[in-house]
Amino acid sequence: MACFLVPTGEAIVTTIMTKAFRSKEKEEALNPDVGDVKEAVEAKIPFSKKLSWLNKMLWGGSALLAFEHIWHGEVVPWFPFLTAMENVDEAAAMLHEMSTVGVSMAVLVTVVWGIMVMVSKTMEKGVEKNNISKADIRSK
């Protein structure tokens, strides 16, 4: 009925957070005091980029679910937009669906993103170790 609204809400929050992290990272990049560890930073993916992965997953899933709900006539282009809002009994079922199915979907997408971030951090550590060992070889 309206389960797509929960991941959509999370997507709105992550969009705001991504923009905030991106502007903070730009400020740090312009700060000359941070330039000492430039080679180590080159191998790392900025957190704003990783957060944008979650953002894209949430927006894409929400759009697909919204399309599916439109296709089945659960979302209409006139007020109150959700057909479940026309009847009190259906509204209660809609809220139950949002709190169970919607939250479950949002949590699942976030967990998958968390696994992606852990894998990317592991890969970054491998690249960083490889860069350090190459630097040791060059200095000898």
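A nonpolar core, as used in these legends, is a set of buried Ala, Val, Leu, Ile, Met, Phe, Trp, Tyr and Cys residues joined through side-chain atoms within 4.5 Å. The model shown in each view is predicted.

**View 1. The largest nonpolar core has eight residues.** Here you'll find Ala 2, Phe 4, Ala 66, Val 75, Leu 82, Ala 84, Met 94 and Met 98. Apart from this group lies another core, this one of six residues, including Ala 11, Leu 54, Leu 58 and Trp 113. As a general backdrop, nonpolar side chains in soluble globular proteins tend to be buried together.

**View 2. The whole chain is built from four helices and zero strands.** Walk along the sequence and the pattern reads α-α-α-α. The chain has 140 residues, and 24% of them count as buried. Now take the contacts between residues at least 6 apart in sequence: 81% of these join residues at least 24 apart. On the outside, the chain exposes about 9700 Å², with carbon and sulfur atoms supplying 69% of that area.

**View 3. Helix H1 takes in residues 5–30.** Its 26 residues should span 38 Å at 1.5 Å a residue, and the end C-alpha atoms are indeed 38 Å apart. Which residues of H1 are buried? They are Pro 7, Thr 8, Ala 11, Thr 14 and Thr 18. One of these, Ala 11, also belongs to the six-residue core.

**View 4. Helix H3 covers residues 47–71.** With 25 residues, H3 reaches 36 Å from its first C-alpha to its last, close to the 36 Å expected. Quite a list of its residues is buried: Ser 48, Lys 50, Leu 51, Ser 52, Leu 54, Asn 55, Leu 58, Ser 62, Ala 66 and His 69. In general, an α-helix has 3.6 residues a turn, so residues three or four places apart point the same way. Just after H3 comes Gly 73, with a positive phi of about 80 degrees.

**View 5. Lys 50 and Glu 124 meet in a salt bridge.** How many salt bridges are counted here? The count comes to one. The side chains of Lys 50 and Glu 124 meet at 3.3 Å, N to O. This pair links distant parts of the chain, as Lys 50 sits in helix H3 and Glu 124 in helix H4, 74 residues apart. Is Lys 50 buried or exposed? Its relative accessible area is 4%, under the 20% cut-off, so Lys 50 counts as buried. Glu 124 is buried too. Leaving out residues up to four places away in sequence, Lys 50 touches Ile 45, Trp 113, Val 117, Ser 120, Lys 121 and Glu 124.

**View 6. Glu 97 sits in helix H4, which runs over residues 88–139.** Its relative accessibility is 16%, and because buried means under 20%, Glu 97 makes the cut. Beyond its neighbours within four places in sequence, Glu 97 is in contact with Met 1, Ala 2, Cys 3, His 69 and Gly 102. Take Ala 2 from that list: it is 95 residues from Glu 97 along the chain, but their C-alpha atoms are separated by 7.3 Å.

**View 7. Four aromatic pairs turn up in the whole structure.** One is Phe 67 with Trp 71, a tilted pair at 5.8 Å centre to centre, with 45 degrees between the planes. Both residues lie in helix H3, four residues apart, or about one turn of the helix. Trp 71 is exposed, with a relative accessible area of 65%. Phe 79 and Phe 81 make an edge-to-face pair instead, 6.0 Å centre to centre and 85 degrees between the planes. Elsewhere, ring pairs link Phe 21, Phe 47 and Trp 113 into a cluster.

**View 8. A cis peptide bond joins Phe 79 and Pro 80.** Omega is about 10 degrees at this bond. Pro 80 is in the loop between H3 and H4, and Phe 81 is in the loop between H3 and H4 as well. In general, most residues other than glycine have a negative phi, and most peptide bonds are trans. Phe 81 is not a glycine, yet its phi is positive, at about 70 degrees. How open are these two Phe residues? At 71% relative accessibility, Phe 79 counts as exposed, whereas Phe 81, with 43%, is partly exposed.

How values were computed. Residues are numbered from 1 along each chain as its sequence is written. Side-chain values use heavy atoms; hydrogens and water are left out. Buried means under 20% relative accessible area, exposed over 50%, partly exposed in between (1.4 Å probe, protein chains only). Contact means heavy atoms within 4.5 Å. Rings of Phe, Tyr and Trp (its six-membered ring) pair if their centres lie within 6.5 Å; planes under 30 degrees apart count as stacked, over 60 as edge-to-face and the rest as tilted. The expected span of a helix is 1.5 Å times one less than its number of residues. A salt bridge is a side-chain nitrogen of Lys or Arg within 4 Å of a carboxyl oxygen of Asp or Glu. Accessible areas come from the Shrake-Rupley method with a 1.4 Å probe; for residues, only the protein chains shown count as cover.
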